[in-house]
Amino acid sequence: MGNLTCGLCGKEFAEKEDWPHIEGDSNRGVLKIEHFCCDEHKMLFLTSKN
Ligand SMILES: [Zn+2]
């Protein structure tokens, strides 16, 4: 219940361990929300994105 999938490695994890990344801003609105199993995967995802 409430499990999320990491946007980088695809691992499922509990929502309480969530490291969300919200794409978009307050003016344009939220475009997409990615969830990650750890802060490291969030950083790797963001740095490899462009
Ligand atoms: Zn991960």
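## Overall fold

Read along the sequence, the chain of this predicted model follows the order β-β-β-β-α, with four strands and one helix in total. The C-alpha trace spans about 30 × 25 × 15 Å along its principal axes.

The chain has 50 residues, of which 20% count as buried. Among contacts with a sequence separation of 6 or more, 31% are made by residues 24 or more positions apart.

## The β3–β4 hairpin

Strand β3 covers residues 21-25 and runs antiparallel to β4, to which five bridges join it. Three residues lie between the two strands, and together β3 and β4 form a hairpin. One of the residue pairings in this arrangement is that of H21 with E34 in β4.

## The surroundings of E34

E34 belongs to strand β4, which comprises residues 29-34. Its relative accessibility is 14%, and because the limit for a buried residue is under 20%, E34 counts as buried. The side chain of E34 makes a polar contact of 3.0 Å with the side chain of K32.

Apart from residues up to four places away in sequence, E34 touches G7, W19, P20, H21 and F45. Two of these residues appear elsewhere in this report: H21 is the bridge partner of E34, and F45 is a member of the largest nonpolar core.

## The zinc site

Four residues coordinate the zinc ion: C6, C9 and C37 through their SG atoms, and H41 through ND1, at 1.9 to 2.4 Å. In sequence these donor residues follow the spacing C-x2-C-x27-C-x3-H. The angles among the four donor atoms range from 98 to 122°, and the site is tetrahedral. For four tetrahedral donors, the ideal angle at a metal is 109.5 degrees.

Two of the cysteine donors can be described by their accessibility. C6 counts as buried because its relative accessibility is 4%, under the 20% limit. C9, by contrast, has a relative accessible area of 42% and is therefore partly exposed, a class that lies between 20% and 50%.

## The nonpolar core

The largest nonpolar core consists of six residues, namely L4, C6, F13, F36, C37 and F45. Of these, C6 and C37 also serve as zinc donors through their SG atoms.

F13, another member of this core, is in contact with G2, N3, L4, T5, C6, D18, H35, F36 and C37, leaving aside neighbours within four places in sequence. The contacts of F13 thus include the zinc-coordinating residues C6 and C37.

How values were computed: Residues are numbered from 1 along each chain as its sequence is written. This is a predicted model: local features need pLDDT of at least 70, side-chain atom pairs count only at pLDDT 80 or more; totals for chains, interfaces and linings use all residues. Side-chain values use heavy atoms; hydrogens and water are left out. Buried means under 20% relative accessible area, exposed over 50%, partly exposed in between (1.4 Å probe, protein chains only). A polar contact is a pair of N or O atoms within 3.5 Å; within protein, one must be able to donate a hydrogen and the other to accept it, and residues adjacent in sequence count only if both atoms are side-chain atoms. Contact means heavy atoms within 4.5 Å. Two strands pair if DSSP finds at least two bridges between them. Donors are N, O and S atoms within 2.8 Å of the metal (3.2 Å for Na, K and Ca); water is not among the atoms, so sites may look incomplete. Four donors count as tetrahedral if all angles lie between 85 and 135 degrees; four count as square planar and six as octahedral if opposite donors are over 155 degrees apart and all others between 65 and 115; anything else is irregular. A nonpolar core is a set of buried Ala, Val, Leu, Ile, Met, Phe, Trp, Tyr and Cys residues joined through side-chain atoms within 4.5 Å.
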